[in-house]
Number of protein chains: 8
Amino acid sequence: MNDHSRLDLNRRRRLGMVEAIWGENKTSEQIASILQKFHLAGELAIATRVDPAKAKSVKNLLNDVLFHKDAGCLTLGEPAALQQELGEVLVLTGGTSDLPVASEAHLALRWHGIKTALLTDVGVAGLHRLFDQLERLNNAKVLIACAGMEGALPTILAGLVPQPVIGVPISVGYGVSLGGKTALEGMLASCSPGLLVVNIDNGYGAAMAALRIIKQHPS
Amino acid sequence: MNDHSRLDLNRRRRLGMVEAIWGENKTSEQIASILQKFHLAGELAIATRVDPAKAKSVKNLLNDVLFHKDAGCLTLGEPAALQQELGEVLVLTGGTSDLPVASEAHLALRWHGIKTALLTDVGVAGLHRLFDQLERLNNAKVLIACAGMEGALPTILAGLVPQPVIGVPISVGYGVSLGGKTALEGMLASCSPGLLVVNIDNGYGAAMAALRIIKQHPS
Amino acid sequence: MNDHSRLDLNRRRRLGMVEAIWGENKTSEQIASILQKFHLAGELAIATRVDPAKAKSVKNLLNDVLFHKDAGCLTLGEPAALQQELGEVLVLTGGTSDLPVASEAHLALRWHGIKTALLTDVGVAGLHRLFDQLERLNNAKVLIACAGMEGALPTILAGLVPQPVIGVPISVGYGVSLGGKTALEGMLASCSPGLLVVNIDNGYGAAMAALRIIKQHPS
Amino acid sequence: MNDHSRLDLNRRRRLGMVEAIWGENKTSEQIASILQKFHLAGELAIATRVDPAKAKSVKNLLNDVLFHKDAGCLTLGEPAALQQELGEVLVLTGGTSDLPVASEAHLALRWHGIKTALLTDVGVAGLHRLFDQLERLNNAKVLIACAGMEGALPTILAGLVPQPVIGVPISVGYGVSLGGKTALEGMLASCSPGLLVVNIDNGYGAAMAALRIIKQHPS
Amino acid sequence: MNDHSRLDLNRRRRLGMVEAIWGENKTSEQIASILQKFHLAGELAIATRVDPAKAKSVKNLLNDVLFHKDAGCLTLGEPAALQQELGEVLVLTGGTSDLPVASEAHLALRWHGIKTALLTDVGVAGLHRLFDQLERLNNAKVLIACAGMEGALPTILAGLVPQPVIGVPISVGYGVSLGGKTALEGMLASCSPGLLVVNIDNGYGAAMAALRIIKQHPS
Amino acid sequence: MNDHSRLDLNRRRRLGMVEAIWGENKTSEQIASILQKFHLAGELAIATRVDPAKAKSVKNLLNDVLFHKDAGCLTLGEPAALQQELGEVLVLTGGTSDLPVASEAHLALRWHGIKTALLTDVGVAGLHRLFDQLERLNNAKVLIACAGMEGALPTILAGLVPQPVIGVPISVGYGVSLGGKTALEGMLASCSPGLLVVNIDNGYGAAMAALRIIKQHPS
Amino acid sequence: MNDHSRLDLNRRRRLGMVEAIWGENKTSEQIASILQKFHLAGELAIATRVDPAKAKSVKNLLNDVLFHKDAGCLTLGEPAALQQELGEVLVLTGGTSDLPVASEAHLALRWHGIKTALLTDVGVAGLHRLFDQLERLNNAKVLIACAGMEGALPTILAGLVPQPVIGVPISVGYGVSLGGKTALEGMLASCSPGLLVVNIDNGYGAAMAALRIIKQHPS
Amino acid sequence: MNDHSRLDLNRRRRLGMVEAIWGENKTSEQIASILQKFHLAGELAIATRVDPAKAKSVKNLLNDVLFHKDAGCLTLGEPAALQQELGEVLVLTGGTSDLPVASEAHLALRWHGIKTALLTDVGVAGLHRLFDQLERLNNAKVLIACAGMEGALPTILAGLVPQPVIGVPISVGYGVSLGGKTALEGMLASCSPGLLVVNIDNGYGAAMAALRIIKQHPS
């Protein structure tokens, strides 16, 4: 490892999770090289925010990487063994446009050995669609709710169920919802007590937060 | 009337509504003088955003004014005759803190001769409280929904009923909800189609918009 | 319909309007698939914010779609029957640059069976152009006013006529008007009482709001 | 004059105008001392943004100062001789709440020897009030238009007359118009060509800009 | 209970927590009346953001209320029984100015029967003070980290320990840190994976989030 | 002229200036068509913000148009006759990056028959370059100062000379100066009295403002 | 020292400077108690942002404190011995309103044993006042330039002299300069290379930065 | 040199540093021409923010330019002779994404004859990586710390070492960290005393500030 690169290869042992390789501002060469270092050190190796073109060119450098198109992620090596006994994290979205971020959260959890499921199109403009799923909501240990626009879904959820709810604001939308600030501030300002929030589009971060919660306390 | 003051005394004839006298940046003397001019010209005379102390000192100048404490408004003269046949405007609030603005809307409608009712504490953190009132919602011609914090109430309403829904963002709250911008942008970004919005705390404006809607179309 | 997709196919029966398919963040395949589901369920099927290239590739998948270039919209199937007796919604714009949003509103109304007309280039920098049209303004049941830059057109209209006026801020412009925030806030801050506002560029939402208003109250 | 104070006592000779003494963040003692220095040096001495209480306590220190209550200004000494031949600057306001800033502009011009008049309550919500004054508008050399809320007045003026129009945004209002940013940006974004703008509430600055314009070019 | 007030008196049964009574925008009479309703219904009764003067006047109306000066909270009735087996929530602060918010979180947890401790003055400008406390950090089930200014404390914590960390931005500071936006955004943008955030100054919300986490999973 | 287009063809007679055709959001066909209408009506025909590719395709439609590459403008027909007796407007810039906007102002003035000159690279980081030009500054009737970054040039000018100074903020820069807001607010907040400001990058608007000033008052 | 208070009493030994006690959000009791702890530990004890009333009540608790009214600071004990050989830090201000912050910087330096001088009223609207002081500028080791409004003074300085220049934005002003954001961003966006900036009104921080610079390198 | 171009060719003699040629908004021709003028005048010639494509096309015009790919810079001619005795400036980064800005600072220093080194991947999420480098930190005369996201690195550094620390906020990130504002404000709001800040991504400016500091004071 050269002088320019002091990757934290024992983070998973220390914190139980790996830092994702943020693919957006890195070249294919940089991504391939860091994935390999993580993998050789026996760590999970996950790169997020990789578009199909960059994924292809990483694959040319590193034949064994797997591209998860829905989530925009690359992985190298096998996921951790499933810890069924920890219970399930449920990832909810309000619309098709929230899928990439929700899928990133879903993949990150699965790769860390957490049971997880994706529940889509349960937006607040048609609450009956959400109420049809109450049993699934009640069975989850942690809920991750992705929502753009006004971002009201996590507020509604935190008023319905007693579990931890993590809101992920999504940057889709136009006008005042462009960039996700409105969804973010709507979640922070929520009148439902105990709602937790992460950065806009931060599916990976929401997954790691759910992991912190679920790992401490086997059910 | 002197050179400095060209009040629009035939607005009610032209538009069917009067401009409110915005009391916040005016002295007691200015408020009393404009109320009297409106009243003498046969117009409705309403001043908004008047605190109790200023109200008292206007009353000292102009004995006949009536102070509506909940709404922070002063009126001079009688309200317009009730036009029962136009139907009802329902004013909803999410919490006690939204009452002053909701009351301003309620008073403004009543003073223009519109039937109106106030429904409080129907916030989105406890949706069952809202669902208990579905029949009242369905019977209104127009709904005015006042909400601070994340401002999700109008979004939920516009997903439930087909009537016009006017969202009024409220400036209560702290942190990101301070000043009402989050509630405002949450309403504008709403995923419920056809939601209409007015300025933060603008109860009077919401009432005048409801009046425009309901006056054109007797039921 | 798979697990990932619970489209709200009875919304039109419940609310009298359909949710538009927001085309901007969807692939051609996603748009084609949702349009078809709506259409097969007997609903209006409208996708907004589709550029010509994406429209062409949807057409390749779904031969019967119709592309409305001015409005950037795709439709599948026939519009609803015209309900002439409800009266007309007039859509006004201040300049050529506002046409796409105005056309989206116009198309959405027509497709829901509402009589509507488009009146362009009536900006506030030359008020005589607007005053020439006073009779048309007076004959409309609802006015939708699209304006970018300082967004003063809806303010002027709401001072001239007693009907409901819906302001649609447009994101054209540069410097402080870039993105439409200035037009939006100008409309919200308007000194004309009872002006109603929707999100920046939200032509479809303005149309649905006009629909809520006009549908309740046949003239 | 001590080491801490190098007031620019020949600015009027150099630029034809004095810098106002901004009273808001100064003590009565500081204001009195600077007014006197200016006056002794043969300059115009004007302090802006002085409230009645501070004015009174300056008067206790410096008996000859004159307090202009409407404008919130203190002056010491006589105004400059009127230069009638330069023509008139017209100061317009949309409402009573804009009067303090309009009066500051009016006083500053008068004190520099410029003929000026104040025209109030010509807001855009009732354009007929403005159109009644077209002759006065046409006779002015420069127009200063003060407006809060959406700030549309200068836009309308610059579309009506060919003279220089200076917009002064006013900080009155609530919600999105709180602090005057909306009025400021509305003026900057104006679709009327050649509209000029100064800082929010900067009546003195608008007056000095008008002075620069009118002084160069005797009519 | 009159028509204006539909308090949610079974929330604790449903969600395991009560909604705090937000005291800032309520009168003493409103606070006293709601506290009593909650208490009579057998619920925890807690009002936050009450200053000493208002607290005193509530006490005049309702003799049994207890004022917690550090936390700015009023309670009526006994706290819930301590559930020692759930483990401890540690509340950390960077400085004396963060104490009111940290104390609000601490009180809310204690009142819901959760074991909790307060650790102050462990700011990031002197990391050795934090490192001295590593054992206490490791023994907590959940960490709540209050920080104003640049808000880096939660980031440092989430890099040190594997438990859930909840950041509470504090509104102390001046210039760019005024109002707490910088601390909030610093926490959301954190490079430590899995950090969770609540609204600025929302000590009560952080406590309820910790409660959701700790209650589901007895150790 | 069809129903969609009511161009204001007598504006030049009424206001002495034409509205520019804002080319950025228009197609080549729209630009060509409006240029021709203006030209046929005997008006100046100027389109701003046209990039070389669009200019070329307009030229294909309308052979006689002239492309001014530095200014990004298209003109059709001859400029107005030079009115030498009105005096000169001097356009100053702080750097090469400000040239397109400065050139737009320069062209617009020349096309309206005003004598004008361009003075570049007189930024405030090297004041001696500005002071070398004092005589030219003193000879101009109006000064237009274009500046990006911190935008201090107009402030310095307005402290040096007594003529009208119009600041044009430029959107070049990165970080906090990205988009020109910092330059704009720096000019509005200027401590030099009587500085006038237009929208970011609005070279045409500054020219029209200078025209309003210089036309009224032949020297 | 109790559990709630782990003041960093060896910071001066480690970093050569003490952390100021930020007085704004602390009670008189808290300030007095921390000043005393610092003093007893042999440290410099300085509290900033103390208004006269609070200063008086601290003095009642702790007789030996010294109140520096211009700077709004309290000190306990003697300043450090003057290190003349390190050279001088010059603190400049654009106007009387910047004096409190400039005085805070001046006091903090003096108290740490640094030679320092204050140069006031050298704003950019009258550059000749600044140019008269070139020799003093050239003799200083570090320059601290305090400026509100458009904040151009540090930019001008950094273009004139080769020494380190630290800009301190000041929160005085109104409209766009309210709160100091415009001055801050103007300094950050400066076209003069190598200008350094601290938080708005952070006189103490600028002094500590100058101390870091000057201490390392005796002249 | 023509009339449009008054480059400041003696700046290095006057200030000891050259102004960088900001390449982002300039054409290849403009960059080549200015580089050559600087070089012919015997100055350092450095252009920043040049992408590989533009670099190639400048090289076609000016064969001797050298492209520094990591830093995105072009240079013409030799760097200044190394002044070893001035000591070293250490440039630190939190991640691979900060490398371009860090490299720009590094190159600018080297080109001005300053000894400098780059230390990467020392982010705050893994403090042990930073603490391993304490000796190198202590040996540097000035530290430049580049950080995006929450930007906490300079805060941690300024709490560890007594030297001048210059924070450079980086525009990498997404959601609230998009554009670098969060990192910038986090550095300005830092609780570590004496931290200095430059504009977002301004590696060159940080280098020139370090140069001002280190040049004055040979060790």
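Begin by selecting helix 3 of chain C in this predicted model; the elements that cover its buried residues include helix 2 (28–40), strand 3 (66–68) and strand 4 (73–76) of chain C.

Next, display the side chains of helix 3, which spans residues 52–61 of chain C. Its buried residues are Lys54(C), Ala55(C) and Val58(C). They lie on the same side of helix 3 of chain C because they cover an arc of only 105° around the axis. Now turn to the face directed away from this buried side: there the exposed residues Ala53(C), Lys56(C) and Asn60(C) are found.

Move on to strand 5 (residues 88–93) of chain C. Six of its six residues are buried, so the strand is largely enclosed by the rest of the structure. Glu88(C), Leu90(C) and Leu92(C) point one way from the strand, while Val89(C), Val91(C) and Thr93(C) point the other way.

Then add the partners of strand 5 of chain C. Strand 6 (residues 115–119) of chain C pairs with strand 5 in the parallel sense over five bridges, and Lys115(C) in strand 6 is the bridge partner of Glu88(C). To follow the connection, select helix 4 (residues 99–111) of chain C: the chain passes through this helix from strand 5 to strand 6 in a right-handed β-α-β crossover. Strand 7 (residues 142–147) of chain C also runs parallel to strand 5, joined by five bridges; here Ile144(C) stands opposite Val91(C).

Finally, select chains A and E. A turn of 180° with a shift of 0.0 Å along the axis lays chain A on chain E with an RMSD of 0.0 Å. This is the relation of a two-fold axis. Of the interface residues of chain A, 100% are also interface residues in chain E, so the copies meet through the same surface.

How values were computed. Residues numbered from 1 in each chain as written. Chains lettered and ligands numbered in written order. Predicted model: local features only at pLDDT ≥ 70, side-chain atom pairs only at ≥ 80, totals over all residues. Heavy atoms only, no water. Buried < 20%, exposed > 50% of the residue type's maximum accessible area, 1.4 Å probe, protein only. Helix = DSSP H or I, 4+ residues; strand = E, 2+ residues; numbered from the N terminus. Arc of directions from axis to C-beta. Contact = heavy atoms within 4.5 Å. Least-squares fit on C-alpha atoms with pLDDT ≥ 70 in both. Pairing = 2+ DSSP bridges. Right-handed = clockwise from strand over helix to strand, strands pointing away.
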